[in-house]
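What follows is a walk through the structure shown below, taken one element after another. Keep the sequence and the 3D view side by side while reading.

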Amino acid sequence: MTEHPASSDLAALPARSRLVHDALRAAGIPGEIVVLPDAAATAAAAAAALGVEVGAIANSLVFWSDGEPLLVMTSGAHRVDTTALAARWGRGGIARASADQVREATGQVIGGVAPTGHPTRLQTVVDEALAAFPQIWAAGGTPHTVFPLTFDELVDLTGGTVLPVV
């Protein structure tokens with residue numbers, strides 16, 4: 001993995017990333033937010049910047065299901081099968097949220113949505129495939145910020161339901 005310095009200066013982090021940092025600390029997660037020199041708005045870009053497998057990137061995707069937002073934390077190596085996931089989870093349907101819905105639900109922009117730091121806790125599904133990696137990386141509230149954590153930390157942090165998403 002390429003070494004990237006953690007942001008030791010909390011004040012230098014973007015406001016959205018400071019919210020994520022505070023939520024991580026409140027949950028007892030020690031991973032530091034890393035500021036990348038270039039935006040890593042896709043799993044492939046984040047993996048390349050960090051020098052890790054694309055599957056170790058925990059993509060935060062926001063969907064709309066039964067009239068409310070649904071956060072799906074999926075391995076960067078997967079595309080979510082919304083029909084299969086809706087059936088597994090017992091939902092009427094799952095559709096991709098619009099950019100406005102994503103911002104309203106999370107306070108963050110597409111490409112930088114973190115698993116935490118939102119105005120309210122979102123119902124969350126965590127891709128079981130992420131358990132295969134000893135360390136995973138998630139967005140830190142902006143397309144330029146990421147942080148490391150374990151699968152178990154992600155599940156605890158989000159209160160997510162672990163399911164296959166493909």
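Begin just past helix α4, where G107 follows the helix and has a positive phi, near 75°. This is a predicted model, and the angles and distances below are computed from it. Step back into α4, residues 99-106, and look at which side chains are covered. V102, A105 and T106 are buried. These three cover an arc of only 80° around the helix axis, which puts them on the same side of α4. The face turned away from that buried side carries D100 and E104, both exposed. The general rule behind such a pattern is that an α-helix has 3.6 residues a turn, so residues three or four places apart point the same way. As for what lies over the buried residues of α4, the cover includes strands β2 and β3.

Helix α5, residues 151-158, can be read in the same manner. Its buried residues are F151, L154, V155, L157 and T158. Seen down the axis of α5, they fall within an arc of 165°, so they line one face of the helix. On the other side of α5, D152 and D156 are exposed. Just after α5 comes G159, which takes a positive phi of about 65°.

Where do the buried nonpolar residues gather? In soluble globular proteins, nonpolar side chains tend to be buried together. Here the largest nonpolar core has 27 residues, and L149 and L154 have the most contacts inside it. Helices α1 (15-26), α4 and α5 and strands β2 (57-65), β3, β6 (136-139) and β7 (145-149) each supply at least two residues of this core. The most comes from α5, which gives four residues. A second, separate core has twelve residues, including L70, V72, W89 and V165. To see how L149 sits in the larger core, note its contacts: leaving aside residues up to four places away in sequence, L149 touches I29, Q135, I136, A138, L154 and L157.

Two of those contacts, I136 and A138, lead to strand β6. Both of its faces are covered, with I136 and A138 buried on one side and W137 and A139 buried on the other. In a regular strand the side chains alternate between the two faces of the sheet. Strand β6 has bridges to β2 and to β7. Two bridges join β2 to β6, and these strands run parallel; I57 stands opposite W137 in this pairing. Four bridges join β6 to β7, and these strands run antiparallel. A138 has F147 in β7 as its bridge partner. The two strands β6 and β7 form a hairpin with five residues between them, and G141 in the turn has a positive phi of about 105°.

Next, follow the pairing through β3, β5 and β8. Strand β3 covers residues 68-75, and four bridges join it in parallel to β5. V72 has V125 in β5 as its bridge partner. Strand β5, residues 123-127, is mostly covered, with four of its five residues buried. Three bridges then join β5 to β8, residues 161-163, and this pair also runs parallel. There D127 has L163 in β8 as its bridge partner.

T74 is a useful residue to inspect in β3. Is T74 buried or exposed? T74 has 0% relative accessibility, and because buried means under 20%, T74 counts as buried. Apart from residues up to four places away in sequence, T74 touches I57, A58, N59, L61, V80, D127, L130 and V165.

Two of those contacts, N59 and L61, also appear at the largest pocket. This pocket has a volume of about 300 Å³. It is lined by 22 residues, and A41, N59, S60, L61 and G111 lie nearest its centre. Helix α2 (43-50) and strands β2 and β6 each supply at least two lining residues. Strand β2 gives the most to the lining, with six residues.

Finally, turn to the loop between α1 and β1 (34-35), where E32 lies. At 32% relative accessibility, E32 counts as partly exposed. E32 and A105 are 73 residues apart in sequence and 24 Å apart in space, C-alpha to C-alpha.

Terms used. Residues numbered from 1 in each chain as written. Predicted model: local features only at pLDDT ≥ 70, side-chain atom pairs only at ≥ 80, totals over all residues. Heavy atoms only, no water. Buried < 20%, exposed > 50% of the residue type's maximum accessible area, 1.4 Å probe, protein only. Contact = heavy atoms within 4.5 Å. Arc of directions from axis to C-beta. Core = buried A, V, L, I, M, F, W, Y, C linked by side-chain atoms within 4.5 Å. Pairing = 2+ DSSP bridges. 1 Å grid on protein atoms, 1.4 Å probe; cavity = no way out; pocket = protein on both sides within 12 Å on 5 of 7 lines; lining within 4 Å. Points joined across faces, edges and corners; volume = space filled by probe spheres on them.
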